[in-house]
Amino acid sequence: MEERGVKPPQEKAATGLRTPKSGGQLPVRTRFTYTRNGSVNARKAPERLLQPVIHEGNLNGQGFRFAIVASRWNDFISSRLVDGALDALERLGADQKQVEVFRVPGAFELPLLALRLAESEKFDAVICVGTIIRGQTPHFEYITAEVTRGIGEAGLQTGVPVVYGVVTADTVDQAIDRAGVKLGNKGFEAATTAVELANLYKTTVNSEK
Ligand code: INI
């Protein structure tokens, strides 16, 4: 028989916000059955959904080696990105001796050095930061596309996480907003991503090494 307008009972287990550790499991999730008119069938107990193992990196930077590759163009912004990345690594427990910063002239030079550092087997993750501003170059689209492609390629070719912390903006003001003013700090975000990925790779795809 169909029930009309029955509200789903509280799904307590499905609302848990805890971050599963790598290899952990989701909180138990359930699926209600519905009647033909779309309301919950309160007469039937909810079914359990599959409980797959979830792999997710934690945010502990201790014990990992990180390279930050930073370009000097627009340095008043790019150096803020380096500061943001260092701040994140410090907060996440990375060891000072395990973090190295490499400077290159412009963003176009980031991918090759990122590739070589990733190949070197000296780093668990490479963090690329730089600033490309549209107003300053008619080649904005080319440079941005090439830098983005090259940074992605460095990771794909080596299997080492190479993270993208490059600000691309139409104006100087927009770029400043992404370097610690209104819209966070892209260097901080990239370093946090690097820590998460270093943990994820260590506990999953690299765990046999
Ligand atoms: N490099 C940047 O990192 N940001 C820019 O905004 C930029 N502009 O505007 O031209 C820029 N150009 C230099 C480029 O990255 C190379 O260093 C140069 O072409 C030499 O290869």
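Which residue in strand 7 does alanine 70 stand opposite? In this predicted model, the residue opposite alanine 70 is valine 129. That pair is one way into the structure, and the wider layout comes next.

The protein contains five helices and eight strands. Read from the N terminus, the order of elements is β-β-β-β-β-α-β-α-β-α-β-α-α. The chain has 209 residues, and 33% of them count as buried. Among contacts with a separation of 6 or more, 75% are between residues 24 or more positions apart.

Four of the strands form an open sheet in the order 6-5-7-8, and their pairing is parallel. Strand 6 and strand 8 are the edge strands, each pairing on one side only. From one strand to the next, the twist averages 15 degrees. Strands of a sheet pair through backbone hydrogen bonds, in either a parallel or an antiparallel arrangement.

Strand 7 has a partner on either side in this order. With strand 5, which covers residues 66–71, strand 7 pairs in the parallel sense over five bridges. Alanine 70 and valine 129 stand opposite each other here, and valine 69 stands opposite cysteine 128 of strand 7. With strand 8, residues 162–169, strand 7 pairs in the parallel sense over eight bridges. Cysteine 128 appears again in this pairing, where its bridge partner in strand 8 is tyrosine 164.

How many of the nine residues of strand 7 are buried? Eight of them are, so strand 7, residues 125–133, is largely enclosed by the rest of the structure.

Next come the helices that pack around these strands. Helix 1 packs on the sheet and touches strand 5, strand 6, strand 7 and strand 8. The direction of helix 1 makes about 155 degrees with that of strand 7.

Helix 1 also packs against helix 5. Two packed helices are described by the angle between their axes and the distance between the axes. For helix 1 (residues 75–91) and helix 5 (residues 186–203), the angle is about 40 degrees and the axes are 6 Å apart. The two helices, helix 1 and helix 5, are therefore oblique to each other. Their crossing is right-handed. On the side of helix 1, the contact is made by Leu81, Val82, Asp83, Gly84, Ala85, Asp87, Ala88 and Leu89. Helix 5 contributes Lys186, Gly187, Phe188, Ala190, Ala191 and Thr192. By type, the residues of this contact between helix 1 and helix 5 divide into eight nonpolar, three polar and three charged.

Helix 2 spans residues 110–119, and its buried residues include Leu110, Pro111, Ala114, Leu115, Leu117 and Ala118. What do the buried residues of helix 2 pack against? They pack against strand 5, strand 6 (99–104), strand 7, helix 3 (140–158) and strand 8. After helix 2 comes glutamate 121, whose phi is positive, near 65 degrees.

Helix 3 is also where glutamine 157 is placed. Is glutamine 157 buried or exposed? Glutamine 157 has 12 other C-beta atoms within 10 Å, and a residue counts as exposed if 12 or fewer lie within that distance, so glutamine 157 is exposed. The C-alpha atom of glutamine 157 is separated by 7.9 Å from that of leucine 115, although the two residues are 42 residues apart along the chain. Leucine 115, unlike the exposed glutamine 157, is one of the buried residues of helix 2.

Note on methods: Residues numbered from 1 in each chain as written. Predicted model: local features only at pLDDT ≥ 70, side-chain atom pairs only at ≥ 80, totals over all residues. Buried ≥ 20, exposed ≤ 12 C-beta atoms within 10 Å, placed from the backbone. Contact = placed C-beta atoms within 7 Å. Pairing = 2+ DSSP bridges. Axes fitted to C-alpha atoms, helices over the stretch in contact; angles between N-to-C directions. Parallel < 35°, antiparallel > 145°, perpendicular 65-115°, else oblique. Left-handed = near helix turned anticlockwise from the far one by under 90°. Nonpolar A, V, L, I, M, F, W, Y, C, P; charged D, E, K, R; others polar.
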